[in-house]
Structures are given as structure tokens and as C-alpha cells.
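Student: Got a minute to go through this one with me? I'd like to talk about charges and packing.

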Amino acid sequence: MKVLVAPDKFKGSLTAAEVASAVASGLADACPSLAVATLPVADGGDGTVDAAVAAGYQRVSVPARGPTGAPITASYAVRGETAVVELAEASGLHRLPGSPAPLTATSAGTGDVIATAVAAGCRRIVLGVGGSACTDGGAGLLTALGARLLDSSGRELPFGGAALSRLASLDVSGLSEVDIELASDVDNPLYGPDGAAFVYGPQKGASPGDVEILDAALRHWASIAGPEFADRPGAGAAGGVGFAAMAVLGARMRPGISLLLGLLGFDSALAGASLVITGEGSLDRQTLSGKAPAGVARAAAAAGIPCVAVSGRCLLSARELAEAGISAAYALTDLEPDPARCMAEAAPLLRRLSRRIAADHLAT
């Protein structure tokens with residue numbers, strides 16, 4: 001019998017690889033002869049590069065700019081001519097040196113990483129667009145790839161979404177040609193009540209006034225860069241990076257987990273498995289909207305293989321889990337009611353929980 005362990009990270013506690021290792025250890029405790037394959041996964045957000053590296057891609061560290069423009073070291077994953085770039089690596093909230101910068105944060109660092117990968121010979125860029133600190137409509141990313149955003153006096157705009165309100169022209173004559181596939185589970189438009197500023201701006205430190213400024217600036221940006229793309233699903237991903245990539249770079253948007261499972265070799269790992277174990281830190285309504293566990297469960301169901309999930313906590317009903325293709329869920333809170341202890345002791349608790357999974361689903 002073979003089990004495939006394919007979890008996402010437990011955010012703030014364990015990486016996806018650490019989750020997979022803890023689950024595999026618990027299964028081995030209960031069934032020493034069991035064949036266990038591990039495949040850490042991601043859906044385009046934090047941990048996407050780590051998941052690619054765990055699947056055999058090579059990590060490449062490069063200089064880039066953080067969300068405030070300060071120099072940082074970021075990384076991407078490469079195999080052959082394909083590079084997996086994670087926007088959060090250079091432009092994520094965790095890269096802010098202190099307080100948030102909702103009006104001035106930039107996606108330029110992600111453009112730096114892409115430019116370096118292209119210069120190294122990569123012809124296909126898979127860009128995971130989750131966890132951004134910026135709401136700049138992807139303008140920073142474009143400037144890093146050679147575009148120029150100019151005001152009415154011909155001066156280049158400073159970083160940040162607020163500056164887009166002063167945009168007079170977009171010069172793409174120096175723009176590098178890049179083949180980009182966007183991995184995202186976000187279907188928001190660029191602007192409006194469901195757009196990047198209103199929905200995600202507050203998470204990035206934007207006040208109500210900031211949100212109004214950013215939304216108006218994104219509207220103006222779209223009127224110049226490609227108004228027909230502003231309402232496309234995913235245009236509002238990563239503060240509007242989805243819009244810029246589609247409107248100016250011709251990028252294609254795909255569901256993050258589906259795209260990543262293909263890149264990571266999920267179908268090959270699944271061959272011969274009798275059970276799949278997936279999971280993430282919190283199984284909740286967001287899980288049902290295209291997050292990694294739902295994608296893994298869907299792929300397992302298509303192959304006729306049952307799937308169970310592990311998590312820090314589970315807020316979904318049995319019916320909701322079943323509709324997502326998950327036959328059972330096992331949460332750390334089943335063993336330890338204190339959330340702080342669950343996070344601090346996640347690995348040993350997961351190992352214990354996996355013994356329970358073995359008893360429930362692998363008994364012969």
C-alpha cells in the first residue's frame with residue numbers, strides 16, 4: 001500500500017515540507033512497512049518556491065528590491081527553461097522593514113527576479129501572485145522589465161499605487177518580452193468594490209482614505225494601460241499585478257493549485273497510491289475557493305483515490321468537506337485545544353495525528 005502526502009504549509013508554524021515530513025513520520029510509526037511518498041504543494045502564494053525546490057527544482061538566489069525599494073536577496077526555482085517565481089519572495093508583506101506602506105509599496109522586486117531569470121535563459125515564467133505588500137497595479141514589475149511610466153512633464157513616476165494618479169503615458173518600447181503564466185486563486189477585478197484596493201488594501205495597512213486614493217489611481221492606470229483587462233478575473237490579484245501582466249505582458253491566468261500540481265509532478269507521485277493526505281493550517285471557507293487542499297482533493301478524486309486532510313484547525317462541516325472531495329479532516333485542535341500550543345508543537349502533534357489517520361484508514 002502507498003500513501004501520498006501532499007500538504008500546503010501551516011502558515012506561521014510549519015513549511016509544507018515540514019508538514020509532509022511530520023505526517024510521514026507518524027504514518028511510519030504506525031505502519032513501518034507502508035510506502036509513503038511526500039510532495040509538498042502550494043497554490044501560488046507563500047511557499048511556492050519552496051514547494052518547487054522540494055519537487056526537484058533548483059533554488060537560485062538573486063538581488064532584488066523589496067516593497068520599499070530597499071535591496072534584498074530573493075530567490076526563484078528553475079528546472080530547464082521554466083522558472084517558478086513567487087511574488088511574495090520579493091514583494092510580500094514579510095519583506096516590509098517595519099510599518100506597512102500601502103501608498104508607496106512596489107512590485108519592482110518581482111520584476112527584478114523575472115528579469116534575472118530571463119537573462120539566465122528561462123523562457124517560461126510561472127508567477128505565483130499571492131501575499132503581496134503592494135497595490136501598485138503591477139507598475140513596479142513593468143518598470144523593472146523596461147517599461148517607463150511618465151507624468152505630464154515626461155518624468156518617471158515614483159514607486160507605489162498612489163503615484164499612478166499622475167500617469168500621463170506608458171512607454172513600452174524598452175519592455176522585455178516574457179512568457180508568463182499567472183498562478184492565482186484570486187478572481188477579483190482591478191478596481192471597484194470587489195477590486196484590489198477595497199478588498200485587499202486594508203490587509204496591507206491601507207486606511208479608508210488610502211483605499212479611495214488607490215482605487216482611483218488604479219482606475220486611471222487601467223484607462224491608459226488597458227481598460228478592457230480591468231474587469232477580467234484575477235486582474236486584482238497581488239494588488240493589480242495580475243492586470244499589468246495580462247494587459248501589458250500578455251500573461252495567461254490559471255488556477256494556482258492546478259498549475260502548480262502540474263509543475264510539481266503530482267500525477268506521477270499519485271500513481272499507485274491508495275490514499276492521499278493533504279492539508280493546510282486552517283481548513284475554512286477560503287479552502288473551498290481554490291486553495292491547495294481543495295485542488296489536491298479534486299485531483300485525487302479524479303483518479304478515484306480517497307483523500308483526507310490535516311490542519312491546525314477545521315472550520316468546515318462534514319458536508320462541506322465531502323463536497324470538496326475530503327472524506328475526513330484531522331485537526332491539531334482535536335489533540336490540543338490551546339491554539340498557541342498547537343502552533344508551537346505542530347510537528348509532534350501532527351505526528352500523533354497521523355497515527356490516528358493510519359488507524360482509521362490503513363488498518364488491514
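**Salt bridges and cores**

Tutor: Sure, let's start with Arg341, which pairs with Glu336 in a salt bridge whose closest N and O atoms are 3.6 Å apart. Keep in mind that this is a predicted model.

Student: Is Glu336 buried or exposed?

Tutor: Glu336 counts as buried, because its relative accessibility is 14% and the cut-off for buried is under 20%. Arg341, at 40%, counts as partly exposed.

Student: Which residues get joined into one network by salt bridges that share partners?

Tutor: That network is made of Arg124, Asp179, Glu181, Arg252 and Arg254.

Student: And how many salt bridges does the structure hold?

Tutor: There are 20. One of them brings together the side chains of Arg65 and Asp112, at 2.8 Å from N to O.

Student: Which parts does that pair tie together?

Tutor: Arg65 sits in strand β3 (residues 58-65) and Asp112 in helix α4 (residues 108-119), so the bridge links parts that are 47 residues apart in sequence. Asp112 is buried, at 14% relative accessible area, while Arg65 is partly exposed at 27%.

Student: OK, what about Arg219? What does Arg219 form a salt bridge with?

Tutor: With Asp215, and the closest N and O atoms are 3.2 Å apart. Both residues are in helix α7 and four residues apart, so about one helical turn separates them.

Student: How accessible is Asp215?

Tutor: Asp215 has a relative accessible area of 6%, so it is buried. Arg219 is partly exposed, with 41% relative accessibility.

Student: Switching to packing: which residues touch the most other members of the largest nonpolar core?

Tutor: Those are Tyr76, Ile114, Ile125, Leu127, Ile180, Trp221 and Phe243, out of 56 residues in that core. Helix α7 (residues 208-225) contributes the most to this core, giving seven residues.

Student: Why would nonpolar side chains end up together like that?

Tutor: As a general tendency, nonpolar side chains in soluble globular proteins are buried together.

Student: Take Ile114, then. What is Ile114 in contact with, leaving aside neighbours within four places in sequence?

Tutor: Ile114 contacts Val85, Ile125, Leu127, Leu141, Leu145, Val178 and Ile180.

Student: What does the second, separate core include?

Tutor: The second core has 35 residues, among them Leu264, Val276, Leu283 and Cys307.

Conventions:
Residues numbered from 1 in each chain as written. Predicted model: local features only at pLDDT ≥ 70, side-chain atom pairs only at ≥ 80, totals over all residues. Heavy atoms only, no water. Core = buried A, V, L, I, M, F, W, Y, C linked by side-chain atoms within 4.5 Å. Buried < 20%, exposed > 50% of the residue type's maximum accessible area, 1.4 Å probe, protein only. Helix = DSSP H or I, 4+ residues; strand = E, 2+ residues; numbered from the N terminus. Contact = heavy atoms within 4.5 Å. Salt bridge = Lys/Arg side-chain N within 4 Å of Asp/Glu carboxyl O.
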